[in-house]
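Here is a quick walk through a protein chain, written for someone who would rather look at the fold than at a stack of numbers. Have the sequence and the model open side by side as you read.

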Amino acid sequence: MQGIHITLDELIQARLPAQRLRLAPRAAARAPRGGAHLSRFRGRGIDFDEVRVYQPGDDIRAMDWRVTARTGRPHTKVFREERERPVLFAVDLGPSMQFGTRVAFKSVTAAKVAAFWAWCAARHGDRVGGVLLHDHGSVDCKPRVGHGGVLRLLNALAAPVVMSTSAPDAGVSQMLQRLHSVAHPGSLIVWISDFRGLGAAHEPALSELRRHSELVAVQIYDDLETQLPPPGRYCVSDGRRSLDFDAADPVLRKAYQQRFAQHTHELQRLLHALSVRMLRIATHDDTYTVLSRELRALYGR
């Protein structure tokens, strides 16, 4: 059903608007092969950059044991990534994302965002991969160059998701754990979610992730989350429980609106403190138009 489930054909069609988008290259390529840029993010890449004193959070696999033994102080090798940069799409498909009142579910909008951005990344020679998280586990797509990496991600996004319920915080913690396990230093991580459950308690994990990778957060929200429907009596149900409420109650309307506004404010504060760029897309937005505008601003064109 359109808007509730996404199809592989719909995600493949995102390639057309992605081809029309012109983004400024991040840097000039230094080699005739591979991707379109040399990453400014240091990590385990192709070109050796330097040896320096070990700093907390450095990858222990890059330790230079000879220099460490000679100086008596731990030293690590630093590399600079070239050519295909890993772009990892962390897509939340949990229970809170299986919701929408206008045009599409949040999960469908998230899939469209990932597909559009993935086609753009592939055009720039980046390796595309992803981590998809839902109630019944996670699906990892190892970053690959070319259309093969994109299509593997799109197939995973189009796979049916069984709806159920769980605590939103569990999904946030699980996603952070997965990203710490699979994201290589120097990666660009595009985390697409409504970020329910993300709070100050997750700041250390986010900071650690941000230490070695660039992180962009894309908040997906539905209009009904920002304010109650027009005044009247309503009945809502999750299939097991029902609730009646009066949307004409001014106290209820104000409290409801403030709750979402506070959530967004706290999210923006947390991400800003970590220098994480945040984009916001509603389920009723023209996803590709809004994302094109945001990506032009993000990449300086």
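Is valine 103 buried or exposed? Keep in mind that this is a predicted model. Valine 103 counts as exposed because its relative accessible area is 65%, and the cut-off for that label is over 50%. You'll find valine 103 in the loop between E4 and H4. Its backbone is worth a look too: valine 103 has a positive phi of about 75°, although it is not a glycine.

Serine 275 makes a nice companion. Serine 275 isn't a glycine either, yet its phi is positive at about 60°. Serine 275 sits in the loop between helix H9 (250-273) and E11. With a relative accessible area of 53%, serine 275 is exposed.

**The chain overall**

Let's step back for a moment. The chain has 301 residues, and 44% of them count as buried. Its secondary structure adds up to ten helices and eleven strands. The accessible surface is about 15,400 Å², with carbon and sulfur atoms making up 52% of that. If you take the contacts between residues at least 6 apart in sequence, 74% of them link residues at least 24 apart.

How far can you trust the coordinates? The average pLDDT for the chain is 85, and 84% of the residues score at least 70. The stretch to watch is residues 26-46, where pLDDT is below 50. Beyond near neighbours in sequence, that stretch still has 69 contacts in the model. Where pLDDT is low, the predicted coordinates should not be read in detail.

**From E4 over H4 to E5 and E6**

Now back to the part of the chain around valine 103. Strand E4 (residues 86-92) and E5 run parallel, joined by seven bridges. The path from E4 to E5 goes through H4, and this β-α-β crossover is right-handed. One bridge to pick out on screen pairs alanine 90 with valine 131 in E5.

Helix H4 itself covers residues 106-123, which makes 18 residues. From its first C-alpha to its last, H4 reaches 26 Å, close to the 26 Å expected at 1.5 Å a residue. Most of H4 is covered, with 16 of its 18 residues buried. After H4 comes glycine 125, and here phi is positive again, near 85°.

Strand E5 (residues 127-134) is mostly covered as well, with six of its eight residues buried. E5 also pairs with strand E6 (residues 137-145), this time in the antiparallel sense, over seven bridges. The two form a hairpin, and there are two residues between E5 and E6. Valine 131 turns up here again, as its bridge partner in E6 is aspartate 140.

**Around E8**

The other region worth zooming in on is strand E8 (residues 214-221). Eight of the eight residues in E8 are buried. Glu214, Val216, Val218 and Ile220 point one way from E8, while Leu215, Ala217, Gln219 and Tyr221 point the other way, and all are buried.

E8 pairs with strand E7 (residues 188-193) in the parallel sense, over six bridges. Helix H7 (residues 203-212) completes a right-handed β-α-β unit with E7 and E8. Across that pairing, isoleucine 192 stands opposite valine 218 in E8. E8 also pairs in the parallel sense with strand E11 (residues 277-282), again over six bridges. Here valine 216 stands opposite arginine 277 in E11.

Here are the strand pairings described above, gathered for reference.

| Strands | Sense | Bridges |
|---|---|---|
| E4 and E5 | parallel | seven bridges |
| E5 and E6 | antiparallel | seven bridges |
| E7 and E8 | parallel | six bridges |
| E8 and E11 | parallel | six bridges |

One last residue to click on is leucine 188, which lies in strand E7. Is leucine 188 buried or exposed? Leucine 188 is buried, because its relative accessible area is 2% and the cut-off for buried is under 20%. Leucine 188 and leucine 215 are 27 residues apart in sequence, but their C-alpha atoms are 5.9 Å apart in space.

Key. Residues are numbered from 1 along each chain as its sequence is written. This is a predicted model: local features need pLDDT of at least 70, side-chain atom pairs count only at pLDDT 80 or more; totals for chains, interfaces and linings use all residues. Side-chain values use heavy atoms; hydrogens and water are left out. Helices (H or I, at least four residues) and strands (E, at least two) are DSSP runs, numbered from the N terminus. The expected span of a helix is 1.5 Å times one less than its number of residues. Buried means under 20% relative accessible area, exposed over 50%, partly exposed in between (1.4 Å probe, protein chains only). Two strands pair if DSSP finds at least two bridges between them. A crossover is right-handed if, with the strands pointing away from the viewer, the path from the first strand over the helix to the second runs clockwise. Contact means heavy atoms within 4.5 Å. Accessible areas come from the Shrake-Rupley method with a 1.4 Å probe; for residues, only the protein chains shown count as cover. pLDDT is the predictor's confidence in each residue, from 0 to 100.
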